[in-house]
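Reader: Could you walk me through this one, feature by feature? I'd like the general idea and then the case at hand.

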Amino acid sequence: MVITNSMTQQKSDQYLVYGNPIKQSRSPDIHKIFADENKIAINYQKQLVELGGFDSAVKSFISQGGKGANVTAPFKEDALKLSDSLTERASLAGAVNTLTFKEGKIYGDNTDGEGLVQDLLSNDVTLKQSRILILGAGGAVRGVILPLLAQNPKGITIANRTVSKAQTLCENFNDERLNACGFDDTTGQTFDVIINATSASLSGDLPPIPASVISSHVACYDMVYGKDETPFIKWAKEQGAIKTIDGLGMLVGQAAVSFSVWHNVMPDIQPVIERLRAAIQAG
Ligand code: ATR
């Protein structure tokens with residue numbers, strides 16, 4: 001006779017991350033660490049979804065009892081459209097990275113911007129009353145504006161290669177603390193925090209901003225991360241930036257905020273950043 005324990009028979013709550021490609025995703029590892037630390041039993045897998053197959057993949061997961069999912073490229077807009085209800089930050093971001101399935105409904109959220117804020121704060125970067133410069137005006141920027149504004153900065157300047165895109169972004173948010181410009185227009189201005197949200201680092205490039213924006217007290221953040229320093233981080237250090245941070249913490253931060261959306265507890269991100277950093281350096 002086999003004696004089974006009702007606790008071990010009970011299935012853990014099921015979560016997934018969807019993307020294409022998805023092999024590279026570290027979300028299952030990150031959520032597993034958060035869950036273990038908080039003594040919460042979850043089963044978190046990654047799933048490759050074919051283009052055009054997002055809606056049916058989600059519906060099939062819901063029918064199997066799935067509780068929630070993270071969404072990465074290129075499905076964040078599909079997830080937005082599929083959601084029955086959106087948080088304000090997801091709606092303003094125009095993208096959803098966190099889905100919750102509850103009582104037959106799909107709730108969409110976006111934790112990317114709050115992940116960035118959490119990482120900046122955990123690195124002791126002051127955002128309140130600070131002058132922030134964001135480089136870039138793509139989807140990544142759209143997602144971080146509302147969470148950054150919520151920290152009460154003095155102002156956020158969005159500088160972009162294509163100035164009209166930065167202007168359109170500012171108009172969408174309609175907040176007097178936001179202003180748009182080209183990279184050259186930042187000459188002679190000083191900032192407390194500079195965030196590189198262009199995709200330039202991915203191709204080994206540096207956005208063409210004047211070295212004069214780097215004062216000795218500025219904190220520089222690159223949303224990209226890798227085994228080696230990004231071109232922007234390297235350049236900012238050379239110009240004398242006091243603090244430089246890459247985007248690994250934003251990745252862990254957005255996962256932590258998703259975890260808190262699902263489980264009502266905000267995990268500690270620093271130990272996980274350190275573990276991932278060691279794994280990246282080793283691999
Ligand atoms: P994401 O969703 O990651 O923000 P995106 O929407 O394609 O990606 O936006 C990419 C951003 O990086 C844009 O702001 C782009 O500038 P343009 O709007 O002028 O295209 C910026 N970008 C990409 N490569 C760049 C480079 N080499 N130098 C400066 N900016 C660059």
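Author: What follows is a short tour through a sheet, some helices, a buried loop residue and a ligand site.

Author: A word on the ground rules. The model is predicted, so to speak of local features we need pLDDT of at least 70, and side-chain atom pairs count only at pLDDT 80 or more, while totals for chains, interfaces and linings use all residues. Residues are numbered from 1 along each chain as its sequence is written, and side-chain values use heavy atoms, with hydrogens and water left out.

Reader: Let's start with the sheet: in what order do the 6 strands come?

Author: Strands of a sheet pair through backbone hydrogen bonds, either parallel or antiparallel. Strands here are DSSP runs of E, at least two residues, helices are runs of H or I, at least four residues, and both are numbered from the N terminus. Two strands pair if DSSP finds at least two bridges between them. In this model the order is S2-S1-S3-S5-S6-S4, an open sheet with mixed pairing. S2 (42-48) and S4 (85-86) are at the edges with a single partner strand each, so one side of each has no neighbour in the sheet. S1 (residues 13-19) runs parallel to S3 (residues 68-71) over 4 bridges, and leucine 16 sits opposite alanine 69 in S3.

Reader: And S7, which strands does it pair with?

Author: S7 is joined in parallel to S8 (residues 155-159) by 5 bridges, with isoleucine 132 partnered by isoleucine 156. S7 also pairs with S10 in the parallel sense, over 4 bridges; there, leucine 135 has asparagine 196 as its bridge partner. Buried means under 20% relative accessible area, exposed over 50%, and partly exposed in between (1.4 Å probe, protein chains only). By that cut-off 4 of the 5 residues of S7 are buried, so the strand is largely enclosed by the rest of the structure.

Reader: How do I read the buried side of a helix, say H10?

Author: An α-helix has 3.6 residues a turn, so residues three or four places apart point the same way. In H10 (residues 231-238), the buried ones are Phe232, Ile233, Trp235 and Ala236. Down the axis of H10 they fall within an arc of 165° (taken from the directions from the helix axis to the C-beta atoms), so they line one face of the helix. Those residues pack against S7 (131-135), S10 (193-196), S11 (219-222) and S12 (243-246), where contact means heavy atoms within 4.5 Å. Just after H10, glycine 240 has a positive phi of about 100°.

Reader: How many residues of H6 are buried?

Author: For H6 (residues 112-122) it's 8 of the 11, so the helix is largely enclosed by the rest of the structure.

Reader: Is asparagine 97 buried or exposed?

Author: Asparagine 97 is buried, at a relative accessible area of 2%, in the loop between H5 (88-93) and S5 (98-102). A polar contact is a pair of N or O atoms within 3.5 Å; within protein, one must be able to donate a hydrogen and the other to accept it, and residues adjacent in sequence count only if both atoms are side-chain atoms. The side chain of asparagine 97 makes one with the side chain of aspartate 112 (3.1 Å).

Reader: Last stop: which residues are closest to the ligand?

Author: The ligand is surrounded by 14 residues (a heavy atom within 4 Å), the closest being Ala137, Asn160, Arg161, Thr162 and Lys165. An oxygen atom of the ligand is 2.5 Å from a side-chain N or O atom of threonine 162.
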